[in-house]
Structure formats: C-alpha cells, structure tokens
Amino acid sequence: MASGSAAVNGGEAGPPNGEPALKRPRESAREAAAAPPRFQGEPRNKVTVVLGAQWGDEGKGKVVDLLAMDADVVCRCQGGNNAGHTVVVEAVEYDFHLLPSGVLNKKAVSFIGNGVVIHLPGLFEEAEKNLQKGKGLQGWEERLKISDRAHIVFNFHQAVDGIQEQQRQQQAGKNLGTTKKGIGPAYSSKAARNGLRVCDLVSDFKVFEEKFRVLAEHFLTMYPNLNLDIDGELKQLKGYVERLRPLVTDGVYFMHKALNGPSKKILVEGANAALLDIDFGTYPFVTSSNCTVGGVCTGLGVPPSYVGRVYGVVKAYTTRVGVGAFPTEQDNEIGSLLQSRGREVGVTTGRKRRCGWLDLILVRYAHMVNGFSAIALTKLDILDTLPEIKVGIAYKVDEEPLPSFPANMDVLTRVCVDYETLPGWCCSTEGVRSFEELPSQAKSYIRFIEDFLQIPVKWVGVGKSRESMIKLF
C-alpha cells in the first residue's frame, strides 16, 4: 500500500504523517512582487582583486595605492614579509612587506587575513621605519585589523629557513633563493598542525608558552645546531600582546560584515605572483602560499561568489629574483639595461633581479588560472630607449611547439622561445598622462599585448608615482 506522502498518478504528494494538507492562501502577483526577497540574492559588495601575473615585482603596490585612494577596506590574504611593495606618495617612498599598501589611506581599514603568516617584530619594525619617512603612516594602529586565525612566524622559523637553504646548496648545489624570512617553515608548521596563531598569543599566555616550547623543541630535534633563545623570544612576544590585542578581530565575521553590510569598496592586495604560487608556479622555485585568485577565498574567508573584478599586474618586460627557469631572460646588454633603467633590485632582499623580454606565454597561463578582468601594464617607460622590442609568443622543445605552459621545470629550462619583434619608440614617455599622448609604437605595443591575451589593458604605468598610471578606460 502506498504511503500518504507518495504522489498518486502524477498528482501532488500528501504530507508524510497522513494529516490533511494545510492550504496557503495564494498571493496575488502584485503582492509577490512587492514582498521583500526571503533570501539574499546577489552579493551586496564584491571584492576587487589585484594580483601579480609574472614572478612578482610587477608594481602591484602602485596599482593598489591607486585603487586604495577611495577604498573602504584594503586586505592582504596570503604570504608574509617576504613580499615587498613600494609606494610613492608626495615624493615619499614607502616600503611595505606585511602591511597592506592601502594603510596610507587614512579613511580605509587595512586587514591582514588568516592566510597571511605574521612575523610580529617585522610588522612593528616596518611600521616604525615608514613612520620616520613621512606622515602617511600616522595613526596606522587605529586603522589596522588582523585576523585571529593568522599564523605567527617565529624567529626560529627564520633561522630554520636559512639552514634549509644552506643544506639545499650543499646537497644539490642549488638553493631555492628564498628570502629567509621564515615563510616556508611557518607554512610547514601550519600544515603539520603544530603552528601557533594570533588567537593563541592574545588569549592565555601560559598555554601559549607551553605550545611554543613544544614547537621550538620540535625544530631543535630536526636541527640540533639551531641557535634558539626560547626564553628571550617568549619575553619579546609577551611584550607585543597588549599592543596587538586591540588589532585582533574575528576575520571571518569582519569580512562577512564588510561584504554584506552597507555599500563598501573592498580591495584585496595579492602578494608575490602567479608564477610563484605553490600549486601553479614554477615549482619548486615558488613561495609557500597560493598567490592566485583562489588564495583570496581561503586567505580571507570570502565566498567565491563575492569575488568581483580581478586585475592582473604585468610589467612591460619580465624579471625574476633568485634561481629557476626563465625562458626570455637576457643575460646580456639588454638585460643589464633593463636592470639599471628599471632599478631592478628586490625591496625585501636587495638582490638584483634577472631581466628579460615580456613573456606572453607565461602571462596567458596566469590568465588561465586567475581569469583577469583587465591588466595594468607597468614600467612601459623603461623600454623608452630601445630601438626594437621583442615579445615571447610561443615555446618549442626539440623543435616541437608546446601547447601549454609546462609543469616540469626540466622541460621549461629547455624551451626555445619564438619572438615577435616590434619597433621601439626611442623617446621619453615619463611625462605622458593620457593614452593619446603615447608614441604610436608604444600604442602598438600595448595593442599587441591585448590582442594576444584577449584581455584589455586598463592602466599603463610610465613612472614611479600614482599620477604616472594612465587610465585607458
């Protein structure tokens, strides 16, 4: 016998308990239209994301600074003080490693998300150094929030980073070229589930101390020669607690309120870049976090449907710090010219950057992963003196074309690059403030990039300041 809940001959199913169904009065079409929606539809606020599309050092800080001028919230979602962003405001050059570049906007809240690993001495030292440079950072502690779920980088993480690099050099004759800021070991602690978070530090310090000693002993067991001052570091950390506590917030709730409350402009500042992503980068010569768009969701607690425009920052040529494959590298006069004209020295490490032609195969791959809405093309002015400019448009291995960007680094080191040669413009673009003012050859260079990638260029950078970013649309 059929139960009361079964549909009969395609009719409506009855209630499971056999009771007669309660009939709701039907709403008129007008009433239904006037009634507020029962559930929220489209997200009220979406985040705008700025990401590096190469190996870092593309000039993300300048683009973020431009967008942060009228932002309400500016966020960091991954990485640590291995990142380095330079922002020039009113002739003052600020260097940021942990603080979001948007901290210079006194009307915005800066937020360090759960995906970031934080070295507390580095954070406060960075703030002090920038305070001495100009007035831009005054009152920074009143407008900074830090997720309680963010992991902490300890001094011994940094010491271990150095030892690991030394061991790689001795064993394989090749290191990874890390910044030795402890980022990899801190993320390793996070993945091993013995790391410590900001919420641990600002709650019961005795419990924190016990966990800290266990973690320190764990590293001492692995690295007996590690020189640790456990008591000294604990004392230092305890000294930060009261200063840190007012900055700490429930990051998930903070972002939820920002996304679903009154209208707000929310900006996310990516650190590092697509080709340094732990999953999609040129592994193993990568960083330890996801610096592609997925890291925005996991590093801030933002649902994917709340991600709005994603801007990729592309330097007009290519640079890389440290070791690893670099198909379009110019280890010659061209590379030296790009290095000197572009002042290509790492903000974090002080190391000279390797330089080469723009690699559009690499940027197209970054677009596949991130889905860029538009591009910011930076440092176009560095090409001003070149009579001709080459652009990498295809890879070949053993005369066979590669259909995609290779995962295997042994393959990437063997690729030959097919270039398109474009005419240079041999005149200065530094004073240019509109697309129309650019030389015709520079315009052609920009259009070539757009046509190849099938992505519009929204900004073009021809100098160091935010005023030198030309907006195309």
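Two strands count as paired if DSSP finds at least two bridges between them, and that criterion underlies the first part of this tour, which moves through a predicted model.

**The open sheet**

Begin by selecting the ten strands that form an open sheet, in the order E9-E7-E5-E2-E10-E1-E11-E15-E19-E20, where the pairing is mixed. Strand E9 (248-249) and E20 stand at the edges with a single partner strand each, so one side of each has no neighbour in the sheet. At the E20 edge, show E19 together with E20: the two run antiparallel and are joined by three bridges. Within that pairing, pick Val460 and look across to its bridge partner in E20, which is Ile470.

**Strand E2 and its two partners**

Next, select strand E2, residues 73-76, and colour its residues by burial. In a regular strand the side chains alternate between the two faces of the sheet. Both faces of E2 are covered here, with Val73 and Cys75 buried on one side and Val74 and Arg76 buried on the other. Adding E5 to the selection shows a parallel pairing with E2 over four bridges, in which Val73 stands opposite Val109. Adding E10 shows another parallel pairing with E2, again joined by four bridges, and here the bridge partner of Cys75 is Val268 in E10.

**Ser147 and Asn114**

From E5, move to strand E7 (residues 144-147), where Ser147 is found. Is Ser147 buried or exposed? Its relative accessibility is 1%, so Ser147 counts as buried. Draw a distance from the C-alpha of Ser147 to that of Phe111: the two residues are 36 apart in sequence, yet 7.5 Å apart in space.

Then select Asn114, which sits in the loop between strand E5 (109-112) and strand E6 (117-118). Asn114 has a relative accessible area of 15%, and because the cut-off for buried is under 20%, Asn114 is classed as buried. Display its side chain together with the backbone of Thr298, and a polar atom of the Asn114 side chain will be found 2.9 Å from the backbone oxygen of Thr298.

**Two helices**

Now turn to helix H3, residues 120-133, whose 14 residues reach 21 Å from the first C-alpha to the last, close to the 20 Å expected at 1.5 Å a residue. Which residues of H3 are buried? They are Leu120, Pro121, Gly122, Leu123, Phe124, Glu126, Ala127 and Asn130. When viewing this set, it helps to recall that an α-helix has 3.6 residues a turn, so residues three or four places apart point the same way.

For helix H5 (residues 183-192), the buried residues to highlight are Ile183, Pro185, Ala186, Tyr187 and Ser189. Continue to Arg193, which follows H5 and has a positive phi, near 65°.

**The second largest pocket**

Finish at the second largest pocket, which has a volume of about 430 Å³. The pocket is lined by 18 residues, and those closest to its centre, a suitable selection for orienting the view, are Thr48, Leu67, Lys265, Arg309 and Tyr311. Elements giving two or more residues to this lining include strand E1 (47-52), helix H2 (60-68), strand E10 (266-269) and strand E19 (457-461). E11 gives the most to the lining, with three residues. Colouring the lining by class shows nine nonpolar, two polar and seven charged residues.

Terms used
Residues numbered from 1 in each chain as written. Predicted model: local features only at pLDDT ≥ 70, side-chain atom pairs only at ≥ 80, totals over all residues. Heavy atoms only, no water. 1 Å grid on protein atoms, 1.4 Å probe; cavity = no way out; pocket = protein on both sides within 12 Å on 5 of 7 lines; lining within 4 Å. Points joined across faces, edges and corners; volume = space filled by probe spheres on them. Nonpolar A, V, L, I, M, F, W, Y, C, P; charged D, E, K, R; others polar. Expected span 1.5 Å × (residues − 1). Buried < 20%, exposed > 50% of the residue type's maximum accessible area, 1.4 Å probe, protein only. Polar contact = N/O pair within 3.5 Å; in protein donor to acceptor, adjacent residues only side chain to side chain.
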